[in-house]
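I opened a new page for this structure today. My plan was to look things up one at a time and jot down what came back.

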Amino acid sequence: MQPKVVSFASINVDEVYSVPRIVRPGETLSSTRRQQNAGGKGANASVAAARAGAPVHVVGKVGSDGLWVRDVIEQAGANVSLVKVLDDTATGRAIIQVDVTGENAIFLFPGANHKLTETDAHRAFALFNKGDWLLLTNETTAVAEAIAQAHPIGIQVLWNPSPMHDDVLLTRSVVGLVDVLVVNEYELLKFAQQINSGECSDDYEVLARQVMKELGCRVVVATLGSSGCIGLVRRPTSNAHTIPIAGSSTDISIISGSGGDDTDDGDDIKVISMSCSPIRMEQVIDTTAAGDVWVGYFVAELARAQGESPESIGACAALTPAMVSRAMTVATYASGIAVTRMGAVPSIPMREEVEAFVRAKQHE
């Protein structure tokens, strides 16, 4: 049975403004277009995981002004029975500028996202089992409390610490309970600076190794924008095996040959390097949800792989390099599709689209 994904999720109303460039301090610009979409890092990742085929359950809070956002998440295939509606608090908001190159600048009003509590986590986790996945970002309250509760009962933890806090390592004992850490280059650098008291290398693999060894994660992935991504996987005790993508005859070892590269430095860590999705720069419209789509598809693919290989399920069991490589590949292609579309949730592709994209690029 495929593990479920429990998303401790931020849920926002996104107000998206198209601008000729990101506004500078003291400057006033007129936008050329305004859209209102469902969003929030947790909501985006939840929808991505659901569209990837994972059984997703969302834990979150909205105001009465966000009921339509909850409905959008449900229509995407996620279970929203654990999303509470608050009468005295507004739904979170994101004000997003998107320039002509697709780059963005965002500021947030947390709203109901900052009403999540340790009690909410406790009630939710009672409904799930060992081997299920907890997916978190940093846009809600009670993140550390949720991680601390999930780990002892065998729920696997994937944490995307975005937006990054300066004091993220103050809860080092809790951060050390994370199984899979997914960061971008900025977040990786911030982690390394806190570990190294400000001084650190400019080599992303070196930084990722430092973070992995300091925190004890099983997997660390750094997404590096147009430079692709790298994944570090603690070597399993059994031999890794190649797993075909479900519903497709495509084998991950073939896909990785066009952009992935595995290295082995003789220690207990396997390094996977992967190119970015094969999207031309002129195709990029909006990068707002790129990272969230990546994370959602990534956790869904890990859960799918564990469903195909049940002996791997459990917070102490191995995630093989083959599983992580496959998940990185599918997540990268899904994220590539998302940046060619406007908006957050509206940009997230269905699994069938991603598999078709992988096959098309493989045969070019």
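Below are my entries, from the whole chain down to single residues.

**Overall**

I noted at the start that this is a predicted model. I looked up the secondary structure and got 11 helices and 14 strands. Then I checked burial: of the 364 residues in the protein, 56% are buried. I also looked at how far along the chain the contacts reach. Taking contacts with a separation of 6 or more, 70% join residues 24 or more positions apart.

**The largest pocket**

I went looking for empty space next. Rolling a probe the size of a water molecule over the atoms shows where such space is left. The largest pocket came out at a volume of about 1,400 Å³. Its lining takes in 46 residues, and Asn104, Thr287, Thr288, Ala290 and Gly291 are the ones nearest the centre.

Which elements give two or more residues to that lining? I found the strands β2 (12-18), β6 (92-98), β7 (104-109) and β10 (180-184), along with the helices α1 (41-51), α6 (185-195), α9 (290-308) and α10 (321-338). The largest share is from α9, with five residues. I sorted the lining of this pocket by class as well and got 20 nonpolar, 19 polar and seven charged residues.

**α9 against α10**

Since α9 and α10 are both on the list for the pocket lining, I looked at how this pair packs. Two packed helices are described by the angle between their axes and the distance between the axes. Here the axes come within 8 Å and cross at roughly 145 degrees. The crossing of α9 past α10 is right-handed.

I pulled up the residues that meet. On the α9 side they include Ala290, Trp294, Tyr297, Phe298 and Leu302, and on the α10 side they include Met323, Val324, Met328 and Val330. By class, the residues of this contact are 15 nonpolar, two polar and four charged. I recognised Ala290 from the pocket, where it lies among the residues nearest the centre.

Glu308 also takes part in the contact, from α9. I looked up its surroundings: with 38% relative accessibility, Glu308 counts as partly exposed. Its C-alpha is 7.9 Å from that of methionine 1, though the two are 307 residues apart in sequence.

I then tried the loop between α9 and α10, where alanine 318 lies. Is alanine 318 buried or partly exposed? It has a relative accessible area of 27%, so it is partly exposed. From C-alpha to C-alpha, alanine 318 is 9.4 Å away from valine 233, with their positions 85 residues apart in sequence.

**Two residues at 0%**

I picked leucine 232, which is in strand β12 (residues 229-234). Its relative accessible area is 0%, and anything under 20% is called buried, so leucine 232 is buried. Beyond its close sequence neighbours (those within four places), leucine 232 is in contact with ten residues I could list, including Glu205, Met212, Val219, Val220, Ile269 and Val271. I also checked valine 221, which is 11 residues away along the chain, and its C-alpha is 6.3 Å from that of leucine 232.

Alanine 112 was my other pick, in the loop between β7 and α3 (118-125). How accessible is alanine 112? The value is 0%, so alanine 112 counts as buried too. Leaving out residues up to four places away in sequence, alanine 112 touches Lys61, Val62, Gly63, Leu86, Thr89, Ala90, Thr91 and Gly92. I noted serine 10 as well: 102 residues away along the chain, with 8.4 Å between its C-alpha and that of alanine 112.

**Backbone oddities**

Last, I went through the backbone. Most residues other than glycine have a negative phi, and most peptide bonds are trans. I wrote down one exception of each kind.

Alanine 142 is not a glycine, yet its phi is positive, at about 65 degrees. I found alanine 142 in the loop between β8 (133-136) and α4 (143-150). Its relative accessibility is 14%, so alanine 142 counts as buried.

The peptide bond from serine 162 to proline 163 is cis, and its omega is near 0 degrees. Proline 163 sits in the loop between β9 (156-159) and α5 (172-175).

Notes:
Residues numbered from 1 in each chain as written. Predicted model: local features only at pLDDT ≥ 70, side-chain atom pairs only at ≥ 80, totals over all residues. Heavy atoms only, no water. 1 Å grid on protein atoms, 1.4 Å probe; cavity = no way out; pocket = protein on both sides within 12 Å on 5 of 7 lines; lining within 4 Å. Points joined across faces, edges and corners; volume = space filled by probe spheres on them. Helix = DSSP H or I, 4+ residues; strand = E, 2+ residues; numbered from the N terminus. Nonpolar A, V, L, I, M, F, W, Y, C, P; charged D, E, K, R; others polar. Axes fitted to C-alpha atoms, helices over the stretch in contact; angles between N-to-C directions. Left-handed = near helix turned anticlockwise from the far one by under 90°. Contact = heavy atoms within 4.5 Å. Buried < 20%, exposed > 50% of the residue type's maximum accessible area, 1.4 Å probe, protein only.
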